[in-house]
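Please open the model in your viewer and keep the sequence panel beside it, since the tour moves from one selection to the next.

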Amino acid sequence: MMQGPVLIIGAGHAGFQLAASLRQHGFSGRIGLINDEAHLPYQRPPLSKAYLKGEGRPDSLMFRPDKFYRDQNIELMADRAVAIDRAARRLLLASGASLDYGHLVLATGARNRLLDIPNANLKDVLYLRTLDESEALRQRIASGQRVVVIGAGFIGLEFAATARAKGLEVDVAELGARVMARAVTAEISQFFQERHTAAGIRIHLGVQATSIESDGVNVTGVSLSDGRHVPADLVVVGVGVLPNIELAAQAGLAVAAGIIVNEQLLTSDPDISAVGDCALFASPRFGGSLRLESVQNATDHARCVAARLTGDARTYDGLPWFWSDQGPDKLQIAGLTTGYDQVVVRGDPGQGSFSAFCYKSGHLVGIESINRASDHVFGRKILGLNRSIAPEQAADASFDLKAALS
């Protein structure tokens, strides 16, 4: 078992889970959790969903109250890591303090990819990843306002649905040929496009925002690459994220599209691990390397590293799953559908409840479900067992999915 202090940089889902899991596994050494946000560690998913709607206060988002950290003897440090001295096994902080570590865990997460067009830095151009950003938007989204959302990924569409429900005029500009094109099948994209359009959201596909127009102080609209001008009082940007790899790179650790770690989530330095959104991990389950952005990935990574640091080293083999709440609809995804070559629909899109079973060379690789939680649960179970059902079984509503698990 690890004896020296464990320092964790980043107090998001991965960082918090790692600190909690270390104590659950009986680790009694020093744990330092370095938190560069001015809040207790909190959950991110509600920021674009329930919290944005005005449900709950900030403390409803916190993983645990302040008392938990004191009781568990987890040192929550309001500071920012600025440099790693690997030879001395020491971490330097923005406050000027330095901390020695036995093991260092990088849970640095990701940050919003910024829009690089004229006037993108105006105060009416907002992003949505942190509690402060969600709070700023929550104060701003009043009925009757006009908002342009740039990017039709999960975050953009979750925000768009919430804003529309609150009575705002909503336009969404998306470069791709369909909404959420990088994340879901065409069947799921089509369903959500129709649902959002029916709710009164205007979706503009195959267009780029070329500039944000203003009267010198306030945003007045967005110009699109097809020559159109969309009036706006507010612009919300959701064009993806960039992993925070700079600290690792400056310390000479191997990085690419993430901090490179092996199948046990160790970096090129045996005293340093990386977990969550920032980690590009070797995956025996999928072959090659992956970087995933999800709560499941962050928490399962953290549990895997906590087990290793307390004497139970194993290969990371988590099954990815994701979800998105958009208006009244819940999308749930089990598995990774990259490279699928066949989609079988189970259920009825017209009834607002169906699943897309995704196959690659006849083998089930993922299930995307809308308002069909039982299919999602089945997907997580069967994919976790590395088993499959035939496409014709998936398409047959009378086929008992549970029987396939026995």
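**Cysteines, cavity and pocket**

Select Cys358 to begin: this residue is buried, with a relative accessible area of 0%, where buried means under 20% relative accessible area, exposed over 50%, and partly exposed in between, for a 1.4 Å probe and protein chains only. This is a predicted model, in which local features need pLDDT of at least 70 and side-chain atom pairs count only at pLDDT 80 or more, while totals for chains, interfaces and linings use all residues. Residues are numbered from 1 along each chain as its sequence is written, and side-chain values use heavy atoms, with hydrogens and water left out.

Go next to Cys278, which is also buried at a relative accessible area of 0%. Its sulfur lies 14 Å from the closest cysteine sulfur, in Cys304, and this is too far for a bond; the structure holds zero disulfides (pairs of cysteine sulfur atoms within 2.5 Å).

Now select Phe281, Ser283, Arg285, Phe286, Leu290, Tyr316, Asp317 and Gly318, which line the largest cavity. About 40 Å³ of space lies in this cavity, and its lining has four nonpolar, two polar and two charged residues.

Finally, keep Arg285 and Phe286 selected and add Leu336, Leu364 and Val365: of the 13 residues that line the second largest pocket, these five lie nearest its centre. Strand β26 (residues 363-370) gives the most to that lining, with three residues, strands being DSSP runs of E with at least two residues, numbered from the N terminus.

On a 1 Å grid over the protein atoms alone, a cavity is a set of points where a 1.4 Å probe fits but cannot get out, whereas a pocket is an open set with protein on both sides within 12 Å along at least five of seven lines, and lining residues have an atom within 4 Å of a point.

Key. Points joined across faces, edges and corners; volume = space filled by probe spheres on them. Nonpolar A, V, L, I, M, F, W, Y, C, P; charged D, E, K, R; others polar. Helix = DSSP H or I, 4+ residues; strand = E, 2+ residues; numbered from the N terminus.
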